[in-house]
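Here is a short guided tour of one chain, written to be read with the model open beside you. Rotate the view as you go, and let us start in the interior before stepping back to the whole.

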Amino acid sequence: MIFGEKLKAERMKRNWSQEVMAEKLFVSRQSVSKWENGQNYPSIEIIIKISDLFEVTIDELLRSDEELTKKVIRDSKQLAFPKLKFMFDVLIVIGLILLLLKIGVLLLDKFTALDLSLWGGKFIWNFGPLVLMIGGGIGSGVLKEKFKVE
């Protein structure tokens, strides 16, 4: 049984109109109608509410319709992508900030009487920004390719 048919059967079992069900889910009646007719699918949040409302497992709802399962998987990947992308972008920015800080300290030492030293030693300041920027760039590129393929 596909999702729309299952949804309608569960609604009819309780003698609810589409309007009543829509109110319980905080959506429009048109949304319920589109789900039942297979024109559209609900978001994962609504699927969870439907599961609770009808006292069926999410697995029962998802496995009833292959297209719905694909949609939920696609949506979850899209939710994960920006968070991971943001993390790699932050690594690039941190590396850039550390590089600019090092250049600033070197310029101040060269053109002023200040004798500033960078905490952590030369190895960290010479390779740290480079590793962060390259690592962030590679991670971002791999992530982009992964989500483009899937």
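Set aside the neighbours within four places in sequence, and Phe 54 is in contact with Leu 7, Glu 10, Arg 11, Arg 14, Trp 16 and Met 21. Please keep in mind that this is a predicted model. Three of these names, Phe 54, Leu 7 and Met 21, come back in the nonpolar core, where they are listed among the residues that touch the most other members.

That core is the largest nonpolar one and holds 18 residues. Besides the three just named, Phe 3, Trp 35, Ile 50 and Leu 68 are also on the list of members with the most contacts to other members. Which elements give two or more residues to this core? They are helix H1 (3–13), helix H2 (18–25), helix H3 (29–36), helix H4 (44–54), helix H5 (58–63) and helix H6 (66–111). H4 supplies the largest share, with four residues.

**The chain as a whole**

Stepping back, you will find seven helices and zero strands. Following the sequence from start to end gives the pattern α-α-α-α-α-α-α. How does the radius of gyration look, and what would a compact globule of 150 residues have? The chain has 27 Å, whereas such a globule would have a value near 15 Å. The box filled by the C-alpha atoms fits with this picture: along the principal axes, the box is roughly 85 × 30 × 25 Å.

Of the 150 residues, 27% are buried. If you look at contacts with a separation of 6 or more, 61% of them join residues 24 or more positions apart. The accessible surface comes to about 10,300 Å², and carbon and sulfur atoms account for 64% of that area. As for charge, there are 22 positive and 19 negative side chains, and the centres of these two sets lie 4 Å apart.

**Four residues to click on**

The table gathers the accessibility of four residues from helices and loops.

| Residue | Place | Relative accessibility |
|---|---|---|
| Lys 8 | helix H1 | 40%, partly exposed |
| Asn 15 | loop between H1 and H2 | 71%, exposed |
| Phe 26 | loop between H2 and H3 | 71%, exposed |
| Leu 84 | helix H6 | 36%, partly exposed |

Let us take the two loop residues together. Asn 15 sits in the loop between H1 and H2, and its phi is near 60 degrees, a positive value in a residue other than glycine. Phe 26 belongs to the loop between H2 and H3, and phi of Phe 26 is likewise positive, near 60 degrees, again in a residue other than glycine. Asn 15 counts as exposed because its relative accessible area is 71%, over the 50% cut-off. Phe 26 is exposed as well, with a relative accessible area of 71%.

Now for the two helix residues. Leu 84 is in helix H6 and counts as partly exposed because its relative accessibility is 36%, in between the 20% and 50% cut-offs. Between Leu 84 and Lys 70 there are 21 Å in space, C-alpha to C-alpha, for 14 residues in sequence. Lys 8 is placed in helix H1 and is also partly exposed, at 40% relative accessibility. From Lys 8 to Met 21 the step is 13 residues along the chain, and their C-alpha atoms are separated by 10 Å. Met 21 takes you back to where the tour began, as one of the contacts of Phe 54.

Definitions and conventions. Residues are numbered from 1 along each chain as its sequence is written. This is a predicted model: local features need pLDDT of at least 70, side-chain atom pairs count only at pLDDT 80 or more; totals for chains, interfaces and linings use all residues. Side-chain values use heavy atoms; hydrogens and water are left out. A nonpolar core is a set of buried Ala, Val, Leu, Ile, Met, Phe, Trp, Tyr and Cys residues joined through side-chain atoms within 4.5 Å. Buried means under 20% relative accessible area, exposed over 50%, partly exposed in between (1.4 Å probe, protein chains only). Contact means heavy atoms within 4.5 Å. The radius of gyration is taken over C-alpha atoms; the globule rule is 2.2 Å times the number of residues to the power 0.38. Accessible areas come from the Shrake-Rupley method with a 1.4 Å probe; for residues, only the protein chains shown count as cover. Lys and Arg count as positive and Asp and Glu as negative; His and the chain ends are not counted. The place of a charge is taken as NZ of Lys, CZ of Arg, CG of Asp or CD of Glu.
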